[in-house]
Amino acid sequence: MFRAHSLLWTYLWVAPNLLLLILGFLIWKLGIARKVPAFFALAVLSAVSELAVYAADVLPTVGPRTFWGINWVGLLIEGVLKFLLFGEIFSQVFGSYRSVARLGRLLIQWVGVALILVATAAAAYAPQNSRFGIVSGFHFLEQAVYLIESGLLVFIFLFSFYFHLVWERRLFGITLGLSISSCVHLASWALIDNGGLPDSKRMILVFLNMATYHVCVLIWFYYLLVPKKPAAKSAVSLPENSLEAWNRELERLVQP
Amino acid sequence: MTLAIILVIAAAVALIVILGVALSRSLQLSAGTNLATQIQPIDVEAFRNLIDPAEDDYLRRRLPAAEFRIVRRRRLRAMAAYVHTAGRNAAVLVRMGQAALAAGDVPTVEAARRLVDNALLLRRNAAFALLRIYLALAWPNSGLAAEPVLRGYEKLNGSAMLLGRLQNPATPVRISASL
């Protein structure tokens with residue numbers, strides 16, 4: 001069942017990317033793309049690049065070097081777009097609040113630097129395969145991208161959690177999908193690259209990655225296209241007190 | 001294999017943290033109807049007295065060194081409790097302000113944005129102040145600056161009151177007590 005080029009394998013590779021293209025078209029049609037341009041670009045370009053890699057994999061005329069070259073280009077584009085998307089998420093969640101935006105930017109820069117160092121150390125420590133440098137290099141870069149991505153997403157979630165900031169629904173869905181995908185991919189690529197597993201077990205992990213990505217695409221569909229349930233509009237209930245008296249006393253405190 | 005295990009554990013922890021935060025966000029949204037009752041009013045006067053450096057100087061002069069350290073630690077613990085409550089109130093006000101941001105009228109949205117910004121600032125200051133208080137607990141003779149928290153709290157109170165007035169003039173908001 002878990003074999004390359006099986007029906008399930010073809011479905012899990014092609015279907016999420018086709019769905020992502022459809023999602024890209026729909027959010028462009030609905031005008032949502034303007035609000036999340038980096039996500040729109042990521043959805044369209046990563047789907048196109050994945051489908052190109054699929055085509056390169058099944059076409060007999062494409063040699064291994066060209067196949068891995070296409071993979072490299074796709075990964076680099078995806079990596080850049082993901083970091084642009086993080087910028088978009090960060091600025092939309094924190095950017096409008098001066099009091100935390102500066103601190104957040106400073107912290108995320110340091111977290112990013114620390115994660116790059118950890119990813120570099122992980123790549124340096126990993127077992128090297130000198131025969132297929134283009135393949136192992138791709139795997140290390142992929143592992144590094146997922147490691148940095150997961151770390152940054154954890155930081156963004158924890159930072160917003162500490163400040164109790166409520167996210168805009170679409171942005172939350174995008175970030176949630178991206179987080180699940182990056183964490184699962186990080187774990188499975190770590191095992192694929194460094195675990196010394198037999199091919200059959202590695203293939204199961206490849207299937208796990210593809211299935212997770214499919215689920216994440218469905219999460220994006222749900223959060224971007226299914227409208228939010230209309231909440232009952234009620235004024236925030238506030239406890240009884242005399243604010244005027246309070247104000248007077250506080251003014252006395254500020255100007256003793 | 002060791003590297004693989006470390007990375008798998010890191011990924012699992014990251015996923016658990018993210019899903020936990022996402023779940024708590026959903027619970028927060030569903031339980032967000034009666035936020036104002038979660039606010040614990042603070043006695044600003046007592047807090048002001050606690051952080052007054054003149055009080056500390058007076059105690060330092062009057063008490064033997066060992067006794068001063070005991071008293072100072074007690075005062076620091078009380079201070080930490082106040083700052084902790086102020087930070088928690090700020091978190092509630094962030095949510096109240098964000099809920100009010102959905103309002104249609106411009107003055108309410110403006111007031112809500114100001115409230116959220118002030119509450120975030122207070123929460124940030126509260127975190128730094130708590131850090132300093134815990135450090136001061138280890139070295140009771142060191143100086144301590146908790147004034148930014150007090151200033152932030154006073155500013156926040158003004159924002160909360162303005163939003164309260166705009167949203168519901170009959171039922172104002174209270175984030176401090178005994179004034």
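This presentation describes a predicted model of two chains, A and B, from overall confidence down to single residues.

Let me begin with conventions. Residues are numbered from 1 along each chain as its sequence is written, while chains are lettered from A and ligands numbered from 1 in the order in which they are written. Because the model is predicted, local features need pLDDT of at least 70 and side-chain atom pairs count only at pLDDT 80 or more, whereas totals for chains, interfaces and linings use all residues.

First, confidence. The model scores ipTM 0.83 and pTM 0.81. Chain A averages a pLDDT (the predictor's confidence in each residue, from 0 to 100) of 85, and 88% of its residues score at least 70. For chain B, the mean pLDDT is 77, with 74% of residues reaching 70 or more. Within chain B, the element with the highest mean pLDDT is helix 1, residues 2-30, at 87, and the one with the lowest is strand 2, residues 176-177, at 54. In chain A, pLDDT stays under 50 over residues 236-256, although the model has 42 contacts beyond four places in sequence for that stretch. Two residues are in contact if their C-beta atoms, placed from the backbone, lie within 7 Å. Where pLDDT is low, the predicted coordinates should not be read in detail.

Next, the elements. Helices (H or I, at least four residues) and strands (E, at least two) are DSSP runs, numbered from the N terminus. Chain A has eight helices and zero strands, giving the pattern α-α-α-α-α-α-α-α along the sequence. Chain B has six helices and two strands, in the order α-β-α-α-α-α-α-β from the N terminus on.

How much of each chain is buried? A residue is buried if 20 or more other C-beta atoms lie within 10 Å of its own, exposed if 12 or fewer, and partly exposed in between, with C-beta atoms placed from the backbone. Buried residues make up 35% of the 256 residues in chain A and 40% of the 179 residues in chain B. Among contacts in chain A with a separation of 6 or more, 76% are between residues 24 or more positions apart. In chain B, 73% of the contacts between residues at least 6 apart join residues at least 24 apart.

I turn to helix 1 of chain A, residues 7-29. Its 23 residues should span 33 Å at 1.5 Å a residue (the expected span is 1.5 Å times one less than the number of residues), and its end C-alpha atoms are 32 Å apart, which agrees. Its buried residues include Leu12(A), Trp13(A), Leu20(A) and Ile27(A). What covers the buried residues of helix 1 includes helix 2 (37-58) and helix 7 (199-225) of chain A. Just after this helix, Gly31(A) takes a positive phi of about 80°.

Now, how do helices pack within chain A? The axes of helix 3 (residues 64-94) and helix 5 (residues 133-162) of chain A come within 11 Å and cross at roughly 10°. Axes are lines fitted to C-alpha atoms, for helices over the stretch in contact, and angles run from 0 to 180 degrees between N-to-C directions. Angles under 35 degrees count as roughly parallel, over 145 as roughly antiparallel, 65 to 115 as roughly perpendicular and the rest as oblique. Helix 3 and helix 5 of chain A are therefore roughly parallel to each other. Among the residues that meet are Trp68(A), Trp72(A) and Phe86(A) from helix 3, and Val135(A), Phe138(A) and Leu152(A) from helix 5. By class, this contact has 14 nonpolar, three polar and three charged residues. Ala, Val, Leu, Ile, Met, Phe, Trp, Tyr, Cys and Pro count as nonpolar, Asp, Glu, Lys and Arg as charged, and the others, Gly among them, as polar. Val135(A), in helix 5, counts as partly exposed because it has 14 C-beta neighbours inside 10 Å.

Between the chains, helix 4 of chain A (residues 98-125) and helix 5 of chain B (residues 106-138) pack at an angle of about 45°, with their axes 7 Å apart. These two helices are therefore oblique to each other. Their contact involves residues including Val100(A) and Leu103(A) on one side and Leu120(B) and Arg124(B) on the other. Its residues divide into four nonpolar, one polar and three charged.

Finally, is Leu76(B) buried or exposed? Leu76(B) lies in helix 4 (residues 65-100) of chain B and counts as buried, because it has 21 C-beta neighbours inside 10 Å. Beyond its neighbours within four places in sequence, Leu76(B) is in contact with Ile133(B), Ala136(B) and Leu137(B).
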